[in-house]
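The questions below go through a single protein chain, from its overall build to individual residues. Please keep the sequence and the structure in view while reading.

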Amino acid sequence: MPTLEEKLAAQIPGLREEIKSLLKEHGNKVISEVTVAQAYGGMRGVKALVCDTSAVPPEKGLLIRGIPVAELVDRLPEEVFYLLLTGELPDEEALKDLLADLKKRRKVPDYVWKVLNAMPKDSHPMCMLDTAILTMEKESVFRKKYDKGIPREDYWIPALEDALSVIARVPIVAAGIYRMRFGKGKRIPSNPKLDMGADYAQMLGLKDPKGEFAKLMRLYLVLHSDHESGNVSAATTYTVGSALSDLYYALSAGLNGLAGPLHGLANQECLKFVLDLKKHFKGVPTDEQLRQFSWDWLNSGKVIPGYGHAVLRVTDPRFDAFLNFGKQYCSNDPIFQIVEKIFDIVPKVLMEQGKAKDPWPNVDAGSGSLLYHYGMKEFDYYTVLFSVSRSLGVCAQTVIARAIGSPIVRPKSVTTSWIKKFVTTPA
Ligand code: CMX
């Protein structure tokens with residue numbers, strides 16, 4: 001049975017050959033064009049990146065290596081990491097190997113805790129996480145091997161080493177930050193008997209007598225792991241890594257992007273909307289109350305958080321997965337009932353209003369209500385959870401980028417006067 005490294009070593013020559021011949025035969029084919037509006041508008045819709053770990057067709061939602069995410073909801077995050085990297089789910093033995101390897105790497109150097117302890121007590125948990133990851137840069141095997149002059153075709157091997165170590169360490173750091181930042185008491189050590197999701201749940205230290213929170217953590221880590229490579233966190237990790245900055249530099253940078261309110265931070269807005277509704281109506285509103293409330297909200301110029309998407313045109317399958325979890329485990333919780341009711345009413349209101357291209361819920365519409373149900377009420381922490389999950393996808397993407405020899409990212413920029421001249425010059 002090959003190890004993960006051996007499996008990749010067997011796949012990589014074929015992948016390189018495939019890309020080489022594509023470039024040789026079709027390198028000059030145009031796959032996208034860029035309008036002036038796109039150049040000013042965040043490059044929305046420009047096809048200028050390749051990502052093999054996942055795809056997001058607007059009418060289907062997330063596919064990880066071609067598998068709809070709905071079919072992966074009962075998998076462990078470790079299995080999904082293996083899938084992201086290799087394109088295949090691990091068999092029993094490969095999974096056992098990967099779990100054992102990751103468990104061996106669950107060690108966070110002491111200096112990380114010292115640095116975190118020295119930070120201001122009101123530091124944002126995301127700033128703490130990204131600082132901790134960056135602080136561990138001296139552990140990078142990639143940088144050490146690079147400094148010794150490793151051949152280019154072998155870059156992916158120490159990149160894989162770094163990826164595995166980072167993935168094993170991030171949940172421990174993230175859980176430590178939760179306890180430290182929110183006065184939850186001493187850090188809880190990692191339990192080598194547990195898989196990543198269950199271990200993360202127990203290190204957070206919330207009461208979980210039935211093991212449901214551990215299940216939610218596994219699901220959460222699977223659902224947020226990857227979403228193509230054009231989103232801010234993935235694209236930033238990729239760009240920084242393309243300069244051959246090691247994974248600690250690249251991941252820390254990417255997660256700094258996830259900390260923004262237009263990216264990872266949106267989930268806390270959604271929960272706030274639900275809690276405001278509950279407070280306003282002293283419980284679950286009726287259909288008519290919610291319809292009117294939504295109209296008043298829209299008429300005051302605000303967007304309904306958790307609804308709409310830049311790419312998707314259907315209900316996000318990740319929302320469906322959280323909804324199914326809620327139906328199974330917390331259908332009596334009024335917070336969850338409000339989430340269900342919003343899903344009944346808001347798409348109709350948004351369609352009536354006719355502005356949003358996608359009136360359906362995205363991943364953020366329901367996740368916060370589930371975290372809240374299990375006692376995680378510190379909204380500022382939610383993006384850290386997202387980060388632990390997103391690390392799986394961007395680490396896999398980085399290993400692949402080093403394997404296929406992705407060059408440094410360097411698109412061309414133009415000035416506004418260049419554009420003005422270009423658009424006024426007759427063809
Ligand atoms: N409520 C009210 N209006 C909305 C809306 C919503 N949920 N979603 C879109 N619209 C409006 C837009 O504000 C825009 O209005 P203007 O023309 O007045 O500017 C119009 O509909 C068209 O927008 P769009 O093309 O459908 O949406 P965008 O691609 O520009 O934006 C997104 C996508 C997610 C930022 C937007 O739908 C939104 O603000 N949603 C609410 C916030 C949210 O849930 N964010 C989490 C996103 C999760 C993720 O990206 O992963």
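Q: How many Å apart are the mean positions of the positive and negative charges of the protein?
A: This is a predicted model, and the values discussed here are computed from it. The protein carries 55 positive and 50 negative charges, and a mean position can be taken for each of the two sets. The separation between these two mean positions is 5 Å.

Q: What radius of gyration does the protein have, and why can it be said to agree with a compact globule?
A: The C-alpha trace spans about 70 × 65 × 45 Å along its principal axes. For a compact globule of 427 residues one would expect a radius of gyration near 22 Å, and the model agrees with this because its own value is 22 Å.

Q: What percentage of the residues of the protein count as buried?
A: The secondary structure comprises 19 helices and 3 strands, and among contacts with a separation of 6 or more, 75% join residues 24 or more positions apart. The protein exposes about 20900 Å², of which carbon and sulfur atoms supply 55%. Of the 427 residues, the share that counts as buried is 48%.

Q: Which helix gives the most residues to the largest nonpolar core?
A: The largest nonpolar core holds 111 residues, and the members touching the most other members are Leu129, Tyr200, Phe213 and Met376. With 14 residues, the greatest contribution to this core comes from residues 156-181, which form helix α8.

Q: Which residues does Met376 touch, not counting residues up to four places away in sequence?
A: Met376 is one of the four core residues that touch the most other members. Once residues up to four places away in sequence are set aside, the partners of Met376 are Tyr178, Leu204, Leu206, Phe213, Leu371, Tyr381, Tyr382 and Leu385.

Q: Is Met217 buried or exposed, and why?
A: Met217 belongs to helix α10, which covers residues 212-223. Beyond its neighbours within four places in sequence, Met217 contacts Gly197, Tyr200, Ala201, Leu204, Leu371 and Leu385, and its C-alpha atom is separated by 9.3 Å from that of Pro77, 140 residues apart along the chain. Because the relative accessible area of Met217 is 0%, and the cut-off is under 20%, this residue is classed as buried.

Q: In which loop does Leu244, with its positive phi, lie?
A: Most residues other than glycine have a negative phi. Leu244 has a phi near 65 degrees, and Arg65, in the loop between β2 (63-64) and β3 (67-68), also has a positive value, near 50 degrees. Arg65 counts as partly exposed because its relative accessibility is 26%, and Leu244 is partly exposed with 27%. The loop that holds Leu244 is the one between α11 (232-242) and α12 (247-258).

Q: How far apart in space are Thr286 and Thr131, C-alpha to C-alpha?
A: Thr286 is placed in the loop between α13 (266-281) and α14 (287-299), where a relative accessible area of 42% makes this residue partly exposed. Thr131 is 155 residues away from Thr286 in sequence, and their distance in space is 45 Å.

Q: Which residues does Lys47 touch, not counting residues up to four places away in sequence?
A: Lys47 sits in the loop between α2 (36-40) and β1 (54-55) and is exposed, its relative accessible area being 55%. The C-alpha atoms of Lys47 and Ser32 are separated by 5.4 Å, although the two are 15 residues apart along the chain. With residues up to four places away in sequence left out, the contacts of Lys47 are Ile31 and Ser32.

Key
Residues numbered from 1 in each chain as written. Predicted model: local features only at pLDDT ≥ 70, side-chain atom pairs only at ≥ 80, totals over all residues. Heavy atoms only, no water. Core = buried A, V, L, I, M, F, W, Y, C linked by side-chain atoms within 4.5 Å. Buried < 20%, exposed > 50% of the residue type's maximum accessible area, 1.4 Å probe, protein only. Helix = DSSP H or I, 4+ residues; strand = E, 2+ residues; numbered from the N terminus. Contact = heavy atoms within 4.5 Å. Rg over C-alpha atoms; globule rule 2.2 N^0.38 Å. Areas by Shrake-Rupley, 256 points an atom, 1.4 Å probe, with all protein chains shown as cover. Lys, Arg positive; Asp, Glu negative; His and termini not counted. Charge placed at Lys NZ, Arg CZ, Asp CG, Glu CD.
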